[in-house]
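User: I would like to go through the assignments made for this model and ask what each one rests on.

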Amino acid sequence: MTATVVAWILLLAVAAYACGGGVDYGAGFWDLLAGGAERGKRPRWLVDHAMAPVWEVNNVWLIFTLVVMWTGFPVFFQTVFTALWLPLALAAVGMVLRGAGFALRKPTRRLAARRIYGAVFAVSSLLTPFFLGTVIGGVASGRVSPGTTASADAWANTTSIMAGLITVAATAFLGAVFLTVDARRFEAHDLVGYFRLRARIAAAVLLALGVIGLVVTDPHASYVHHGLTHGAGLALVIAAVVALALSVWLVAGQAAGWARYSSVAVVALLVAAWGFAQRPYLVPTSLTVQQGAGADAPLQWMLVVAAVALVFIGPALVVLYRLDTHGVLEPLTDEDVAE
Amino acid sequence: MSTTAHLLAETPAQLLPARELMAFTLASHIMLVPFGVALPFITLLMHHRGLRKADPTAMLLARRWSAVMAVQFAVGIVTGTVLSLEFGLLWPGMMGRWGDVFGLGFGVEGWAFFLEAILIAIYLYGWRRLKPWTHFWLGVPLPLTALMGAFGIIAANSWMNTPQGFTLDSSGRPVNVSVQQAIFTPMFGPEYWHFVVAMFLTAGYVVAGVYAVGWLRGRRDRYHRLGFTVPFTVAAILTPLQFFLGDNIARQIFHKQPIKFAAAELVWDTDTHVPEYLFGRLQEDGTVKGGLKIPQLDSILAGFTPDTQVTGLSSVAADDRPTATQATITHWAFDIMATIGSVLILLALWYAWCWWRRRDLPKSRWFFRCAAAAGVASVITVECGWITTEVGRQPWIVYQNMRVSEAVTPTGAASLWTMFGIVVTVYVLVLGSFLAVLLKMRTRWRLADAGSARAHAEGPETDTPYGPRPEPATTTGPGENRAPGSDL
């Protein structure tokens, strides 16, 4: 029972990272495609301003996901990190480059240096979610089981690659929707249409990749495939498609602010569908939630810690996002740090 | 070296790169930790002073420190995330077996860090639009979240040093986990307080050191005076306290991890009247080459009397204790830490003396030279303290329960060496750029203070958050054109 609850918390943390982190990765994706220094100046300006206050918070979801994984399901953690070593190692390197690129670009003034930091940030914004996606695909494809050692087979297969591409498309979609809304918030009217178009393209690509993914899933992934095309899993996939359509419609109109919620719903529903499809396995079809669960006492304490933390973090998070969306959070400007 | 080579031959080939990679990433991350833990506190102190006394200089310092905090925190979060990934990438054996026993500490840390990230975002980006005191009070919980995060991390590390809170079943797997016991292990208290004070002290000396350098170069204005005095006072107050905490933790190690103590003090045979070695190198046969030998002192330090029996390295089998090389590394790290700590006390006393006699900073240039060096020195002590605790525990990853070689990933040595190479390259670039950016910011601020910022307009994308604008500020709105320190 406790293990099941912790498994849902883990899925929730993954979903939160996919949404929060996804928006940031998506912003980086559009930064990459924004063009040269002159042409890409405006979009990049928006990316910088929209991301800056919240990207570190979004990043913490990943740390939290890892902690829940190793405390709640130590064998699962060991299995994933042993079998899927390479994509995880590449994602780790990508995260360093991305975070550092973004953090260092802001206070840098020379164009050449900004270009380098920006390129590093943008390229790793594309590669990191791709590798993380292949990890999810690798787990879902059932080629991983406790005791599997690292091999290319575990992640370089159709399901994994498709999962990686879908992840990138989902981040691009989230990023574009959020930037559309941010453009309106920062009164950059020229960028509203710019990102709205990109949100639509990304939505179309995401839909296409999803359909292709479901069709060409390789035979190893039959358990999850079955889960995604039947019952609760199917219902969630359909709900995600509806949310996707809704987002495309909302982002065009006056109530664009709501598109943020519907686009987050798309990604959250997809993650939930994956979770439902994979029940009761952590690793289909070799390790169930119950088999992989750690000792009872720490699991129960983890719920207690999570509940206490929620009391502190919930309000703080609400304050942060409220302040951010109301434009109260602004970087220090030059005259603030000049005498 | 022959025993070392022999042991290496027995251990899996991927052990060395895994160890080097972990050591490198931790050593890099730990340099940023003091600022993550303590810089918010020092900044808030200055911020409070600025608000209470309506002091524009203090406000300017606080704002600039928070600009530094923004970059530092971002880089720290990145290197920290890498560490949590590396637990799985390098030591899946440890996480698979013990993850549930000692993972809760990390859980606490994760949540604390989450809260810290939220609050720091509000603090860093709230300068302009929030009401001054509201902004300050929103920042006040920051040091508390940092202490909470340190609690989680140290709980996990002290558990690795003195593991408890479980029993082993017939197959050697931990069962009957007691969370309270696994968090509050014997080494937890000593490690926690020693660590926390080290962080505040280091951040204090480093920040003060920056202004000490300015002072030595003749910038003796109120700005430098204040920038030096506040962090230096924090550090100077903590230094003697740290001396007692350091002494306490050494004695706790003597009782609870006797083999680590033996490595740190180069004790070969269990005996009374053990001499103390200052530096020196342990040989394979148990003799010590070089160094300064002080008769009886080790026994006295460990138990206050020369009759105190100290356990030696030879009391356990060779593969259950650090090698001669590892013991020497531990010993040197320990001695360097203790030496620097003692010298810092003299510096703190010098400062206290002048303050007590004249209510003023010491006049001597040598004081400021020492103060500038204290920043670097305290970062070195942090590294040494970490080396002492980690290398001294060898060959155990979980003391007396799991060897490092049992925890290591089965991934091949070649992959790990490749990753090591990539990570070193990336880290050198990132930390180098980080330093370059900080120095650039400093230069820009100095130019701004000198009023010559206009000369330095560059490139099309000059509208960056930090640093003076290339052109004079235009009055575009009521909130835009304020003197620093006035109505924020």
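The exchange below takes up the interface, the cavities, a salt bridge and some backbone features.

Analyst: One point before the questions: this is a predicted model.

User: What makes the two chains count as being in contact, and how many residues of chain B are in contact with chain A?

Analyst: Contact requires heavy atoms within 4.5 Å. By that cut-off, 86 residues of chain B are in contact with 76 residues of chain A.

User: How is the size of such an interface given, and what is the area buried between chain B and chain A?

Analyst: Interface size is often given as the accessible area lost when the parts come together. Between chain B and chain A the buried area is about 7,900 Å². Carbon and sulfur atoms give 71% of that area.

User: Which elements give two or more residues to the side of chain B that touches chain A?

Analyst: They are α3 (56-90), α4 (92-125), α7 (179-183) and α15 (413-450) of chain B. With 23 residues, α4(B) gives the most. Sorted by class, this side of chain B has 51 nonpolar, 21 polar and 14 charged residues.

User: How many salt bridges and polar contacts are found between chain B and chain A?

Analyst: The salt bridge count between the two chains is zero. For polar contact, the rule finds five residue pairs across the interface, with both residues at pLDDT 80 or more.

User: Why is the pair D31(A) and R44(A) called a salt bridge?

Analyst: Side chains of opposite charge can pair when their charged atoms come close. The rule asks for a Lys or Arg side-chain nitrogen within 4 Å of an Asp or Glu carboxyl oxygen. In D31(A) and R44(A) the N to O distance is 3.0 Å, so the pair meets the cut-off. Over all chains the structure holds nine salt bridges.

User: What does the pair of D31(A) and R44(A) tie together?

Analyst: D31(A) belongs to helix α1 of chain A and R44(A) to helix α2 (residues 41-51) of chain A, so the salt bridge ties together parts that are 13 residues apart in sequence.

User: What makes a space a cavity here, and how many cavities of 30 Å³ or more are there?

Analyst: A cavity is a set of points where a 1.4 Å probe fits but cannot get out. The count comes to eight cavities of 30 Å³ or more. The largest has a volume of about 90 Å³, and the second largest has about 70 Å³.

User: How do you know which chains line the largest cavity?

Analyst: Its lining includes F64(A), M302(A) and A306(A) from chain A, and L104(B), G107(B) and W111(B) from chain B. The elements giving two or more residues to this lining are α1 (2-32), α3 (55-72) and α13 (296-325) of chain A, together with α4 of chain B. Of these, α13(A) gives the most, with four residues. The lining has eleven nonpolar residues, one polar and no charged ones.

User: Which residues line the second largest cavity?

Analyst: Among them are Y25(A), W55(A), N59(A) and R98(A), along with V78(B) and T81(B). Here α5(A) gives the most, with four residues. By class, this lining has five nonpolar, three polar and one charged residues.

User: What makes R279(A)–P280(A), Q394(B)–P395(B) and H273(B) worth listing?

Analyst: Most residues other than glycine have a negative phi, and most peptide bonds are trans. R279(A) and P280(A) are joined by a cis peptide bond, with omega about -10°. P280(A) sits in the loop between α11 (257-278) and β1 (281-283) of chain A. The bond between Q394(B) and P395(B) is also cis, with omega about 0°, and P395(B) is in the loop between α13 (365-391) and β7 (396-398) of chain B. H273(B) is not a glycine, yet its phi is positive at about 55°. H273(B) lies in the loop between α10 (258-265) and β3 (276-278) of chain B.

Definitions and conventions. Residues are numbered from 1 along each chain as its sequence is written. Chains are lettered from A and ligands numbered from 1 in the order in which they are written. Side-chain values use heavy atoms; hydrogens and water are left out. Buried area is the accessible area (1.4 Å probe) that two parts lose on being put together, summed over both. A polar contact is a pair of N or O atoms within 3.5 Å; within protein, one must be able to donate a hydrogen and the other to accept it, and residues adjacent in sequence count only if both atoms are side-chain atoms. Ala, Val, Leu, Ile, Met, Phe, Trp, Tyr, Cys and Pro count as nonpolar, Asp, Glu, Lys and Arg as charged, and the others, Gly among them, as polar. On a 1 Å grid over the protein atoms alone, a cavity is a set of points where a 1.4 Å probe fits but cannot get out, and a pocket is an open set with protein on both sides within 12 Å along at least five of seven lines; lining residues have an atom within 4 Å of a point. Grid points are joined across faces, edges and corners, and a volume is the space filled by probe spheres set on the points.
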